[in-house]
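Got the viewer open? Here is a walk through the model, one selection at a time.

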Amino acid sequence: MNAMGYLQTLVNGIVLGALYACLAVGFSLVWGVLNIVNMLHGSIIILGGYITYFAWHSYGIHPLLALPAIAVLMYGLGYLTQLLVINRVVHQPVLTTMTLTFGLDLILYNFMTVYYTATPRRVTLDLGATNIGGIAIPFDRLLGMAFALVLTGMLYLVMRRSRVGRAIVAVRMDSAAAALMGIKVNRIYAITFGIGTLMAGATGVIFAMVYPVTTNLTGTYLGKAFVICVIGGLGSVQGALVGGIVLGIIESFAGQFFGPLHAMTVGFLLMLVLLVVKPTGLTGIKGYE
Amino acid sequence: MDRRLQYILFAVWVLALASTPLWGSNYVVRLAVVIAMFTALTLSWNFIGGFAGYPSFSTAAFFGLGSYVGAISERAGIPMVVAWGLATLFTGAFAAALGAIILRLKGHYFAIGSIAVVEVMRLIISGWGSLTGGGDGLNLPIISGGPNVVTRIFLLVMTILMIVTFLITVYVDRSRLGFGLRCIQQNEDAANMAGVNITLYKVIAYTLSALFCGTVGAAYASWTGYIDPTDSFSIIMTIKVPVMCLLGGPGTVLGPVLGTAAFTLLEEVFWANFLDYNRAILGVVIVILIFFLPGGLLGLSYRNVTAGIAKLLRRPKAAT
C-alpha cells in the first residue's frame, strides 16, 4: 500500500472514530455516573434508527429534521426507565444491575424483531462523495461525522457549563456529599440515564444514514461501546472521543490488513489487554469500579 | 433449608429425571436431558458467581470451547468419551490461565471482561475456518441406534454430569474452599487480610466453573451432531445460566438445581404458546426475579411471604 492508501485508511478511521465517539459517549456517562453497565444501549441505537427509517420512508421526513424529535422522545424514555425501574436497584451489585438491564434489553430487542423484523433497512440519501487531494470521503459519512461531533461537543458543554451538568459531575464524584448539598440524586440519575438514552437515539439517527438498520447489530454496537469505554476511560466526554477515534483508526487499519471480521477481534483483544494492564483507559482519568 | 433435606430433594429430582424414559413421552425425555444439562452448567456457574460472588458471564465461552475441542477431536478419530475428557481438561486449563489474568479485575470490569471472552472466542472460531469450519460449522460422527436410543444415552450422560457437579458443590460447600469463597464474596480485602489465599481460591472457583461446561459442551456437540459458532458461543446462554442460578438462590447447594428446573419448565410453557416472544419472556422473568425474588426461590420463606403480603396490603401511605 502506498502513502496515499495509508492516508485514505487513516481518514476513514477518523471518520469512523467520530461516529464511534458519539455511539459510546452516552454509555460511558451512564457507566461513570450511575455505575451501571447499560446493556440496553445497542438496542436503543437501533430503535432510534428504526424510527428514523420509518419517518423517512413513510412520511418523507429528512433524518436530520427528525433528530430533535427523536432526541426528546428518547430522553423521556430513558428518564422514565431509570426513575421507575433502574433506580430501585441502582446501588446493588453489578450482577443485579447488569442482569436487569440485560433483561430490559431482551424485551426491547424482542419487540423490535417482531414488529420490524431483522431485515436490514437503510436511509439512502445518495449524496455522493467528496474528493480532497485524492482522498475520497462519502458525503453521508462526513455529515454523520459532523453531527456526531456536534452532539458530543454539546454534551461536553452541558456537562461543563450547565447547572444540571455540574450536578451530574458532583453526583459522580460523591453521591452522598452531593445529596447533602441538596442535589436530588435520584433525579440526577434519571436525567443522566435520559441523556445516555438520548445520545444513543441520536446515534441511531446518524447511523441510519450510514449503516443498515437491523436488530442483528445491537450486540455489535454494545460491544463497541464496551471497547471504546475501556480504551478511553469512563465517564468523561473526552475519554469517549479519544477511545472512539483510537478504535476507529485501529479497526480501519486492521480491516485493511487482516480483513473486516478480524478488525473486531483486534478491538476486543485490545480491550482485554487494556482492562488488565490499564483499566483507567488511555486518557488516565480515574475509572469507577 | 436443612442440608440433609436438600440432598434428599436432589436425589428425588435425579430419580425423576432419570426415570423419564419409563413413564414419559420422547418430548419429556428430551426435556429431561435439557434440564440435566443446564443444571450441570448452573451448578458450575454457582462456584464463581454464587460462592465467590464474581459476576462471571463466560459460561458460553467454556461451553463453546468444550464443544469445539470435543468435535475436532472426534473428527480426528478419537473415541467419543475420550474426546469429552480432552474437552474437559482443555477447557479447565484454559479457564485457569484466563482466570489468573482476568480475576484481577473487579465488579463491572470483570463482568465486561468475561463477556468479551465469549465474543473473542466466537470471532476467533468463526475466523479460523481451516480448523473449525468457520461460519459453516462442523458435523460430528453420527451415533448409531436411532434418535430414541441416542436421547436415552445422553440422558444418562447429562444426569451423571449433573450428579458429579452437585457432589463437587456439596464438597465445596462444606470445605475450607467454600468458606474462603464466601469470605471473598462478602469482603475480598478483609478475606485477604484474614489469610485467605484469594488469588488461588478465585482461580480454583473459576476453573471449577469452567471444567464441566467443557464436558457438557462436548457432550452436547455429540448429541446434536452439528455445531456452529453462533450457537456454541451464544450470548443468551451466557446470561441464562446466571439467571437460572439467581432464580434458585446463588451460593446454595440446591438453589441452582431448583432455579434451572423452574426456569426450564416455565420457558417450555412459554415456548409452546408464545414462540415469537421467548426473549421478551426471559427478560420479564429477569425483571420479576430482580424486583420480587432478590434471594431466589430458596430465599423465600413462608413467614416472609405472608409478612410481605400483609405489608403490601397495609401500605397505602408508606414513606417516600
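Start by selecting Ile191(A), which sits in helix H8 (residues 185-210) of chain A. This is a predicted model, so keep that in mind at each stop. Is Ile191(A) buried or exposed? Count its C-beta neighbours inside 10 Å and you get 22, so Ile191(A) is classed as buried; the cut-off for that label is 20 or more. Now show what it touches: setting aside residues up to four places away in sequence, Ile191(A) has contacts with Tyr79(A) and Val164(A). While you're there, draw a distance from its C-alpha atom to that of Gly165(A): the two are 26 residues apart along the chain and 9.8 Å apart in space.

Stay in chain A and pick strands E1 (residues 129-132) and E2 (residues 135-138). They pair in the antiparallel sense, over four bridges. Two of the partnerships are easy to label: Ala129(A) is bridged to Pro138(A) in E2(A), and Ile132(A) is bridged to Ile135(A). Then zoom in on the turn. The hairpin of E1(A) and E2(A) has two residues between the strands, and Gly133(A) there takes a positive phi near 55 degrees.

Next, show both chains and colour the contacts between them. On the chain B side 36 residues take part, meeting 34 residues of chain A. Helices H5 (80-102), H6 (107-127), H13 (235-248) and H15 (278-292) of chain B are the elements that each give two or more residues to the side touching chain A. Which of them gives the most? That's H6(B), with 13 residues. Colour this side of chain B by residue type and you'll find 24 nonpolar, seven polar and five charged residues. As for the scores, the model comes with ipTM 0.82 and pTM 0.87.

Now select helix H1 (residues 3-18) of chain B and check its length. At 1.5 Å a residue, its 16 residues should span 22 Å, and the end C-alpha atoms are 23 Å apart, which agrees. Which residues of H1(B) are buried? They are Gln6(B), Phe10(B) and Leu17(B). These cover an arc of only 35 degrees around the axis, so they lie on the same side of H1(B). A bit of helix geometry helps here: an α-helix has 3.6 residues a turn, so residues three or four places apart point the same way. Turn to the other side of H1(B) and you meet the exposed residues Arg4(B), Leu5(B), Ile8(B), Ala11(B), Val12(B) and Leu15(B). To see what covers the buried ones, add chain B helices H2 (20-23), H3 (26-51), H8 (146-174) and H14 (255-273), which are included in that cover.

With H14(B) on screen, click on Thr264(B), which is found in that helix. Thr264(B) counts as buried because it has 22 C-beta neighbours inside 10 Å. Beyond its neighbours within four places in sequence, Thr264(B) is in contact with Val34(B), Ile35(B) and Phe38(B). For another distance, try Thr207(B): it is 57 residues from Thr264(B) along the chain, and their C-alpha atoms are separated by 26 Å.

Last stop: colour chain B by pLDDT. The chain's mean is 88, with 97% of its residues at 70 or more. Confidence in chain B is highest in helix H4 (residues 59-75), at 94, and lowest in helix H16 (residues 302-313), at a mean of 71. Where pLDDT is low, the predicted coordinates should not be read in detail.

Note on methods: Residues are numbered from 1 along each chain as its sequence is written. Chains are lettered from A and ligands numbered from 1 in the order in which they are written. This is a predicted model: local features need pLDDT of at least 70, side-chain atom pairs count only at pLDDT 80 or more; totals for chains, interfaces and linings use all residues. The expected span of a helix is 1.5 Å times one less than its number of residues. A residue is buried if 20 or more other C-beta atoms lie within 10 Å of its own, exposed if 12 or fewer, and partly exposed in between; C-beta atoms are placed from the backbone. The arc is that of the directions from the helix axis to the C-beta atoms. Two residues are in contact if their C-beta atoms, placed from the backbone, lie within 7 Å. Two strands pair if DSSP finds at least two bridges between them. Ala, Val, Leu, Ile, Met, Phe, Trp, Tyr, Cys and Pro count as nonpolar, Asp, Glu, Lys and Arg as charged, and the others, Gly among them, as polar. pLDDT is the predictor's confidence in each residue, from 0 to 100.
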